[in-house]
Structures are given as structure tokens and as C-alpha cells.
Amino acid sequence: MAGAIIENMSTKKLVIVGVILLLFQAFAFMVGGLIAPSPTTAVHYLATKCVDTVKHRQETKWFMPWGPDQCAKIRTFDEAMAKKIEANNIVFAVHIPLPNKEMSSWFQFMLVILQFDIAFKMYNQIEEGVVVTVDVGLAYRDDTFSEWTEMAHSFEQRKLSCNFTTAKTFENEGRYYECDPLPFMEVGSVAHKYYLLNIRLPVNERKKINVGIGEIKDIRLVSIHQNGGFTKVWFAMKTFLTPSILIIMIWYWRRITLMSRPPVLLEKVIFALGISMTFINIPVEWFSIGFNWTWMLLFGDIRQGIFYSMLLSFWIIFCGEHLMDTQYFAEVLGTGQVKMCESCVQAIKIFPELGLHPTKNVQDQTERNRFSVYWKQVGPIVFGSFCLFIFDMCERGVQLTNPFYSIWASDVGTELAMAFIIVAGICACLYFLFLCFMVFQVFRNISGKRTSLPAMSKARRLHYEGLIFRFKFLMLVTLFCAAMTVIFFIISQVNEGHWHWGEHTVQVNSAFFTGIYGMWNLYVFAIMFLYAPSHKRYGDEQSSGQCITGDAGANSGEDIQLTTTITNVEGPTEIYKMTGKQAQE
């Protein structure tokens, strides 16, 4: 083998490959911007006040807000008081979706947000830190005439966070508090056509249940689900990209295994990156169209977490393995002089009687190709990913059995979740800054090697200048992908937490989702293609292993330490061998 494709492919062909990848990247953005609709849709509902006239009912009765079997209704609580209807007999009913519409499996998930309309009364004000207790049931059916089937039932507590912006006087009675929306329900699949929510606010003055919550006028819900059109575009992208990455991964590893040497660390990590990309690409979501798999959201988070971990670790190792000193070897000539070259075995191992001592180059080389060298950098990434997994299990793991559970429901959970999002964003930014520092060190090492280029012949100098330019360009592309990934991660975290703390969301449109997803696939594809072993050789003279002898090395301006020999012992690229590892410590 004669090195990697990135150094042996002609510039013309590389430009063609780059333009093709750029066109695919533009197409990925256009698919989201021009074809796919918005990723999610929010539908607002106003709960209907139904009256449960039967006390101590044994079986569960479901109250429909409209239709042929609709419930007995009241318009206001004043009407309930006039009719002497107790608060415990009032049921807030919400049918999802709206009349004459159906839910679909293409919606993938359903997130419901709760908001109270509470009027100000001088003698019935909201107490500080008051908690609302909700008795809620969820049912489903797939046609308009079947009986409702219970899906979940739970007693939940939500802390009210309301603010009255005007003076609390009798003149302002009847004005509404400004209350933050509350997380209410999340379902990991939308396998049925119709859903029904029945909500009760039980009152027990002796146990202080729902006392001091103000005068509730109405309950509003916001149902958020993924758009079916976006889901189809997303599934189509996954279906197309899966075989593409799988084929290039098999082709890459086959080329690696054909070499006479074992794979080096960088080659193994590139292959592992391809596996993680394939894992996140596999469109298992197609099965969610026909099966009620409520765990798909959690499984998707796990797959994305694995890919994040692998991608961030790869960038660290990718830069670190290029922070290497070139190692020089020695052999004894017939005249007894020591010749330095990169195609020979280590002189220190073969000829200890020469009195040679390990240099920093040789000591650096002993650390090369060892994953354990990067434990300080990769360890925090793995730990952070594990924390992400635990955090996700604490919410979506519990929601598999109780869709009304939310980690944001308690003060401790809210503070923990907010702290997690803030810390995750800070860590992502620090990671990117550290990666920029590593790339800067790589560029500085390469610049140090450039001082040897003027002594070369024109052909060799141009060859090395081309290699350095190609590698620097690839590192800049890597930094761009890292920056976009960090931005995507932070925006995703903020967007997920938007409904939980009531701030304005960052609008993420479909083009950003499809563009970033396409960028990941194209980057992984390019790395496996460019770092695959090439069958071409640069010149005929390089195969003999141009070396530096004790005498000729002083007289020849070309025979310097930047050898063009690619051996089966060293690694995948010349740049990989040229660059130094002084900065790693």
C-alpha cells in the first residue's frame, strides 16, 4: 500500500469529489427548506367542563366534550355554584385531535402542555409556592363508535408559577394571572386515531389538596406532535443514507484488512465512527408506523448519544494522532555508518551496542497508536454521555409506564434539569475551544516542518505543499462540522426545555435538521474515503525509501527528514507521520 487516498489522488479528482459532496450538502439543506414542512405542529385546546352526576362511581366513565355521546356541560363555575355542583364533580374533557380530524402514526410523538386560566380575587388569591393536584386519565380508540380504552391514569402534582402584573385591588378583580405553562404529558408513539383526556381537580380542605390555587376559570392544553410530512422526508433520508454509509464502511475496512500490517488506532477509530453513523442511520422508525413502540423516543436518544460520543472522541483522537513527531530509524551500512530512514526498523532495538538512546521522537512514537493515551480527553466525553443517558432515563424511561411523569414537576427536578442544560451547553463550548487549540497545535507543528521544504527539489516541494494544504483544509472542515454540531446540540437542548420554563424558543426549521444530519453523513463518508489506503504510489523513487546517510545527508538538500515513503508499519498518511506530538502534553 502507498498511503491514503487524500495524498495520492490527483487534485483534479479531489476537487470533483469535494464539489459532489458540497452539492449533496446543499441538497440536504434544500430538502428541509423546500420539501419538508416544519418539524412540529402545536395545536391549542380549551377543555370542556363536564359534570359527573354519579357519586362513588365504580367503573371508569369517559366524558366526551362533543359528538353524539357528549357529556352534560357547564359554561362557568358560577353556573356550577348556582346548580350546587361540587368541584369534585367537574371533569375537564379534551379530545385530541379537533373534530373531523385524525391522529396518525406519522406524528411519531405527542407532547402536551398544561396552562391554567386563573382570575384574581381579593379573597381567593394564589398562595406562594402552591401545588395543584391533578387526577388525570388518558384513553384511546381507533373509530368514532367504539368504547374508550384506558391507556394511563395518574395523580400528578404541578407547582403553579403565576404572576399578577397589576395592583392587587378590588378594581382589578377578574383580571387573569400570567401563569407559566406546565409539562403535562408525553407519549412516545401515536399509534391510535383518537385520544381523550379527562382531568379532575379534587378538593380536600382537610388535607390541603387544591386549596389556595386561586379561582380557576379554564384549562388550556397545547398538543405538540411531529409533522407527518417531515417524518416522511426524514425516513426517506435515513433509508437513502444507510446503504451509502454501509457500503463505504465495508469498502474502507476491506482495504485496511488487505494491508500487511495491522490497523493503526486512527484507522480503527474511523471504522468505529462509520459503525456509529450506520447505527443512527438505520431507519428502524419505519416499524413505528405499524407497531405501538412507545420506547422509540428513548431509543432514538440513545442512538444519538452514542454517535455524539463517537464523533467527539474521534475528533480528539484525529487531532492527537496528527500531533506526532516523525520517528526515524537506523540501519548499519556496509561501511559501518548509520543510515537514518523511515522504512527501517528501530536502531535502538536492533543495535543496542551502538549506544543509541531514545530521543523524544522515539518516546513519542511509543505512545502512538495507543487508545489509553487519550483517556484524559475521551474520559470526560464518555462520562458526559453517561450522564446524558441517566438524565434521559429519569424522564423518558419513567414515561414508558407513566406518560404524565415529568422531571420538571418538582423544584429539585427543575433546578437539576436547568443546571444540566446550562452545564451541557458550557461543556460543548469548552470542547470546541479545546478542539480549536488542538488544531492550532497541529498547524503549528506543520508550519515547523515547512522550513525544510525550500531545500527540496521543485517536484517534491510541490508535492508536500499540496499534502499540507489538503490536510489543513480537512482540519478546517472538521472544525466547521464541530462548530455546527455544538450549535445543533445547544439549540436542541434549549428547544426541548422551552416549554418547561416558559421562555421564547429558538425556532429550528426543517432545513437545519436535514442539513446537519446530511453534514454528519457526508463528513463520515469523506473521512472513510480519503483515509482509505490507496493503490497508487507517488513516484518510483519513493518506494526505495529515500534516507539520510551520515555523509550524503549533509550534501543533499532533498534528502531531509520529510520522507515520502509510506510503509506498512507507520500509519495511514504522510501527514500522519510528518506532524509532531510535542503539543499533546
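1. The second largest cavity of this predicted model has a lining of 12 residues, and those nearest its centre are Leu111, Pro183, Glu186, Gln399 and Ser406. The space inside this second largest cavity comes to about 60 Å³. Strand β9 contributes four residues, the largest share of the lining. By residue class, the lining of the second largest cavity holds seven nonpolar, three polar and two charged residues.

2. The structure has six cavities of 30 Å³ or more. The largest cavity encloses about 70 Å³. Its lining is formed by Glu186, Val187, Gly188, Thr294, Leu297, Leu298, Arg396, Gln399 and Leu400. Two or more of these residues come from each of β9 (182-187) and α6. Four residues of the lining of the largest cavity are nonpolar, three are polar and two are charged. Glu186 and Gln399 deserve attention when the two cavities are inspected together: both line the largest cavity, and both are listed among the residues nearest the centre of the second largest cavity.

3. Arg396, which lines the largest cavity, also takes part in a salt bridge with Asp301, in which the closest N and O atoms are 2.4 Å apart. This pair connects distant parts of the chain, since Arg396 belongs to helix α9 and Asp301 to helix α6, with their positions 95 residues apart in sequence. Salt bridges with shared partners bring Glu186, Asp301 and Arg396 into one network. As to burial, Arg396 has a relative accessible area of 14% and is therefore buried, whereas Asp301, with 23%, is partly exposed. Of the network members, Glu186 and Arg396 are also found in the lining of the largest cavity.

4. The whole structure contains 11 salt bridges. One of them pairs Arg220 with Asp117, with the closest N and O atoms 2.5 Å apart. Arg220 is in strand β11 (residues 215-226) and Asp117 in strand β4 (residues 110-119), so this salt bridge ties together parts separated by 103 residues in sequence. Arg220 has a relative accessible area of 39%, which makes this residue partly exposed. Asp117 has a relative accessibility of 15% and is therefore classed as buried.

5. A further salt bridge joins the side chains of Arg158 and Glu156, with an N to O distance of 3.4 Å. Here both partners, Arg158 and Glu156, are buried. In the pair Arg220 and Asp117, by comparison, Asp117 is buried and Arg220 is partly exposed.

6. A nonpolar patch lies on the surface and consists of Ile302, Ile306, Phe386, Phe389, Ile390 and Met393, which together have about 490 Å² of accessible area. Helices α6 (296-321) and α9 (375-397) are the elements that each give two or more residues to the patch. The greatest contribution, four residues, is made by α9. Met393 is located in helix α9, and its relative accessibility of 33% places Met393 in the partly exposed class. The two helices that supply the patch are also those joined by the salt bridge between Arg396 in α9 and Asp301 in α6.

7. The second largest pocket has a volume of about 820 Å³. Its lining comprises 24 residues, and Gly18, Leu21, Phe473, Val477 and Leu530 are the closest to its centre. Helices α2 (11-35), α11 (458-501) and α12 (510-530) each provide at least two lining residues. Helix α2 has the largest share, with nine residues. The lining of the second largest pocket is made up of 19 nonpolar residues, four polar residues and one charged residue.

8. A final point concerns a contact across the sequence. Trp251 and Phe529 are 278 residues apart in sequence, yet their C-alpha atoms are 8.8 Å apart in space. Trp251 is part of helix α4 (residues 228-257). With a relative accessibility of 27%, Trp251 falls in the partly exposed class.

Conventions
Residues are numbered from 1 along each chain as its sequence is written. This is a predicted model: local features need pLDDT of at least 70, side-chain atom pairs count only at pLDDT 80 or more; totals for chains, interfaces and linings use all residues. Side-chain values use heavy atoms; hydrogens and water are left out. On a 1 Å grid over the protein atoms alone, a cavity is a set of points where a 1.4 Å probe fits but cannot get out, and a pocket is an open set with protein on both sides within 12 Å along at least five of seven lines; lining residues have an atom within 4 Å of a point. Grid points are joined across faces, edges and corners, and a volume is the space filled by probe spheres set on the points. Ala, Val, Leu, Ile, Met, Phe, Trp, Tyr, Cys and Pro count as nonpolar, Asp, Glu, Lys and Arg as charged, and the others, Gly among them, as polar. Patches are made of residues with over 30% relative accessible area and no salt bridge: like charges are joined within 9 Å, nonpolar side chains (Val, Leu, Ile, Met, Phe, Trp, Tyr) within 5 Å. Accessible areas come from the Shrake-Rupley method with a 1.4 Å probe; for residues, only the protein chains shown count as cover. A salt bridge is a side-chain nitrogen of Lys or Arg within 4 Å of a carboxyl oxygen of Asp or Glu. Buried means under 20% relative accessible area, exposed over 50%, partly exposed in between (1.4 Å probe, protein chains only).
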